[in-house]
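This report describes the fold of a single protein chain for readers at the bench. Please consult the sequence and the structure shown here while reading.

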Amino acid sequence: ASQRRLGEILGESNPLHNGVVAGLKVEARIPQIEARNLCFRYPGQNRWALENISFTLPPGTRIGLAGRIGSGKSTLLHCLARLEAVGNGMIFIDGRDINEFAPAEIHRMLAMVPQDCFLFSDSVMDNLLYGSPYFNLKGEARLERAREVAKLAHVHDEIQKFPAHFETLLGERGVNASGGQRQRITIARALAQDPRVLFFDDCLSAVDSITEKKLTNSFDKLARERSFIFASHRVSSLQNLDRVLVLEQGRIAESGRAEELLRADGFYRSLVADEKRADFLGIERERGHA
């Protein structure tokens, strides 16, 4: 019975490979990504996870995704990264349907930092460089690249405090690093791949506000050389981006620059008010404990 069930699993076709055009490559330059009336729902679900999502990510543009938990931010990033199968005519890379590209071709173009940061039971340096061209190098060039991306992710100084610095062995899933350190090491790992497009999926939830500000400043510099989409339930992280898409129940409720949305007195402004209220209550609670 177990063998039969395994056979059924191994015999399943991968819908992500349907319609792939052999040899089709994404251009070496920063691509333009476009969603046209994107609709998506998970298998077995009646409700749309995403409905009629349309926007364009021009080369070198920084877009933010705002919205409450469950609004569809992660699902949208997964569809754009070709981690989920979407219908034809909904997502385009430089004008070509995303389904015409092999998933591996899309993944060579971009790097994604997920919410759940996974670290291997290996050295800090191997975790930083995993998946990058520098992983199999030896000597000073390898260490220099690890230092470079660690500084961009503002985790270099903390790594220097580890017992063996970059050679420190991390426990399973990075158990001997803090939540904020794990997130920043994962961000550095994405940067080490030198992608043309970056997706950040609410990956600053465990860092303090000062470090968050430093990281967003780093992202501003990175945007000169690549495009990125930054999803966050904290709207304070999205203030300096070129455009913010506000998702509500899988739809785009609002779109524009942060200051424009704040003046519009809509859903985005209510998110800002909720965040300020939560921050105030957190400060009051800390004072009470003190």
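## Pairing around strand β1

The model is predicted. Within strand β4, Ile 91 serves as the bridge partner of Ala 35. Strand β4 covers residues 91-93 and is joined to β1 by 3 bridges, the two running antiparallel.

Strand β1 (residues 33-40) also pairs with strand β2 (residues 50-57), again in the antiparallel sense, over 5 bridges. Leu 38 has Ile 53 of β2 as its bridge partner.

## The six-stranded sheet

An open sheet is built from 6 strands in the order β6-β7-β8-β3-β9-β10, and its pairing is mixed. Its edges are formed by β6 (110-113) and β10 (251-256), each of which pairs on one side only. On average, neighbouring strands of this sheet are turned by 15° against each other, with direction ignored.

At the β10 edge, strand β9 (residues 243-248) and β10 run antiparallel and are joined by 5 bridges. One residue pair in this region is Glu 248 with Arg 251, the latter being the bridge partner in β10.

## Helices on the sheet

Two helices may be considered together with this sheet. Helix α2 (residues 73-80) lies across β3 (62-66), β6, β7 (197-201), β8 (227-231) and β9. The direction of helix α2 makes an angle of about 155° with β7.

Helix α7, comprising residues 179-192, packs on the sheet and touches β6 and β7. The angle between the direction of helix α7 and that of β6 is about 180°.

## The chain as a whole

The chain contains 10 helices and 10 strands. Its radius of gyration is 20 Å, close to the 19 Å that the globule rule gives for 290 residues, so the chain is as compact as a globular protein of that length. The C-alpha trace spans about 55 × 55 × 50 Å along its principal axes.

Of contacts between residues at least 6 apart in sequence, 67% join residues that are at least 24 apart. The sheet offers an example of strands brought together from separate parts of the sequence: β3 (62-66) stands beside β9 in the strand order, and β9 comprises residues 243-248.

## Burial and surface

What share of the 290 residues in the chain is buried? Buried residues account for 46% of them, where buried denotes a relative accessible area under 20%.

The accessible surface of the chain amounts to about 15,100 Å². Carbon and sulfur atoms contribute 49% of that surface.

Terms used. Residues numbered from 1 in each chain as written. Predicted model: local features only at pLDDT ≥ 70, side-chain atom pairs only at ≥ 80, totals over all residues. Heavy atoms only, no water. Pairing = 2+ DSSP bridges. Helix = DSSP H or I, 4+ residues; strand = E, 2+ residues; numbered from the N terminus. Axes fitted to C-alpha atoms, helices over the stretch in contact; angles between N-to-C directions. Contact = heavy atoms within 4.5 Å. Rg over C-alpha atoms; globule rule 2.2 N^0.38 Å. Buried < 20%, exposed > 50% of the residue type's maximum accessible area, 1.4 Å probe, protein only. Areas by Shrake-Rupley, 256 points an atom, 1.4 Å probe, with all protein chains shown as cover.
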